[in-house]
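Reader: I would like a close look at one part of this model. Please pick a stretch, go through it step by step, and then relate it to its surroundings.

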Amino acid sequence: MKVAVLGAGAIGAYVGAALHRAGADVHLIARGPHLTAMRHHGVQVLSPRGDFTAHAHATDDPTDIGPVDYVFLGLKANSYAACGPLIEPLLHDTTAVIAAQNGIPWWYFHQHGGPHDGHPIESVDPAGAVSAVLAPQRAIGCVVYAATELEGPGVVRHLEGTRFSIGEPDRSISARCLAFSEAMQAGGLKCPVEPDLRNDIWLKLLGNISFNPISALARATMRQMCLHGATRKVIETMMTETLAVAEALGCQVGVSIERRLAGAERVGDHRTSTLQDLERGKPLELDVLLAAVIELAEITGVQVPTLRTVHALSDLLAHQAAA
């Protein structure tokens, strides 16, 4: 199995290191000091499950790699439309793209069935710009339940969680999903193939849609947000509104809001990816989290006033940060 990790940051490098340990032919695509460190010292994974180092091939030039069986996409969703020159050298007719993104993916209504089948979501796929680069038929969805951080160039700190749920947009249990799942498990990760990954998308989104923007607005960790009474109530309201949109689209999360909050509190003083991006001067990944759900609320007629308020504030923060 030949795998390219496009965007080998904290999550991408962690997955690449695990697959390399399992014997897959892994190629990591990155840049800057992180790339230099991986070339010279490999990916160093520091984890409560045991430290290890993987010496996978690392490059900034996809033409050095050529076509692969799977592209594990570790880029932020707001980079997808511009990644054509990077991903095109990696593709052959049956290459699958496993998009490890938060929020609503560009392929969400691809082979969805029902009245919304094929409906474009403008906030995540403006004028079809993402679909033009990442054909939906290549997509395998991926919901990440692992928390990692780049402790330094080439050094991944694994904090908790090892589950990477994957699934086909058409809800089939495909051979390509089963093969990738087997390789991930051989590398020590959990990788269930879900018959309807959209339920997992909404489960993960319950946390991301609330904790991520609020953490950036308040510069707060997961534990701090959970322990602040008034903020916790805002988060509960955002989760309630999000669940209403999910249910209007036929999805069932299967986890109570209180249980979701308890899980977030156990993570402790972890900084969300949005807060980390803000601190590092990177663009904030908010469209797939908030704007997309608000767009879906409009499609389904669900009222989401708190989501709209938090989106307005966080969108202003994103514009100020980018100025």
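Author: Helices here are DSSP runs of H or I with at least four residues, numbered from the N terminus. The model is a predicted one. The part to look at is helix H6, residues 197-218.

Start with length. H6 has 22 residues. At 1.5 Å a residue, they should span 32 Å. The C-alpha atoms at the two ends are 31 Å apart, so expectation and model agree. H6 also carries a kink of about 35°. The kink is centred on Leu205.

Next, burial. A residue counts as buried when its relative accessible area is under 20%. By that cut-off, 19 of the 22 residues of H6 are buried, so the rest of the structure largely encloses this helix.

Now the end of the helix. What is the phi of the residue just after H6, Arg219? Arg219 takes a positive phi of about 55°. Most residues other than glycine have a negative phi. Arg219 is a residue other than glycine, and its phi is positive. Its place is in the loop between H6 and helix H7, which covers 222-227.

Helix H1 makes a useful comparison. H1 runs over residues 10-21 and has twelve residues. From first C-alpha to last it reaches 17 Å, close to the 16 Å expected. H1 is mostly covered, with nine of its twelve residues buried. Among them are Ala10, Gly12, Tyr14, Val15 and Leu19. Just after H1, a positive phi turns up at Gly23, at about 105°. Here the residue is a glycine.

A further positive phi sits in a loop. Gln111 has a phi near 50°, and Gln111 is not a glycine. This residue lies between strand E7 (96-99) and helix H4 (129-133). Its relative accessibility is 43%, so Gln111 counts as partly exposed. Gly118 is found in the loop between E7 and H4. Gly118 is exposed, with a relative accessible area of 55%. The C-alpha atoms of Gly118 and Gln137 are 12 Å apart, with their positions 19 residues apart along the chain.

For contrast, take a buried strand residue. His27 lies in strand E2, residues 25-29. Its relative accessible area is 10%, so His27 is buried. From His27 to Gly113, 86 residues along the chain, the C-alpha separation is 36 Å.

Last, the open space. The second largest pocket has a volume of about 440 Å³. Its lining holds 26 residues. Nearest the centre lie Asn78, Leu284, Glu285, Leu286 and Asp287. Two elements give two or more residues to that lining: helix H11 (287-300) and helix H12 (305-322). H12 gives the most, with five residues. By type, the lining divides into 17 nonpolar, five polar and four charged residues. At least three lining residues come from each of domain 1 (2-195) and domain 2 (199-322).

To return to H6: this helix has a kink centred on Leu205, is largely enclosed by the rest of the structure, and is followed by Arg219 with its positive phi.

Definitions and conventions. Residues are numbered from 1 along each chain as its sequence is written. This is a predicted model: local features need pLDDT of at least 70, side-chain atom pairs count only at pLDDT 80 or more; totals for chains, interfaces and linings use all residues. Side-chain values use heavy atoms; hydrogens and water are left out. On a 1 Å grid over the protein atoms alone, a cavity is a set of points where a 1.4 Å probe fits but cannot get out, and a pocket is an open set with protein on both sides within 12 Å along at least five of seven lines; lining residues have an atom within 4 Å of a point. Grid points are joined across faces, edges and corners, and a volume is the space filled by probe spheres set on the points. Ala, Val, Leu, Ile, Met, Phe, Trp, Tyr, Cys and Pro count as nonpolar, Asp, Glu, Lys and Arg as charged, and the others, Gly among them, as polar. Domain bounds come from an automatic or database domain assignment. The expected span of a helix is 1.5 Å times one less than its number of residues. The bend at a residue is the angle between axes fitted to the seven residues ending there and the seven starting there. Buried means under 20% relative accessible area, exposed over 50%, partly exposed in between (1.4 Å probe, protein chains only).
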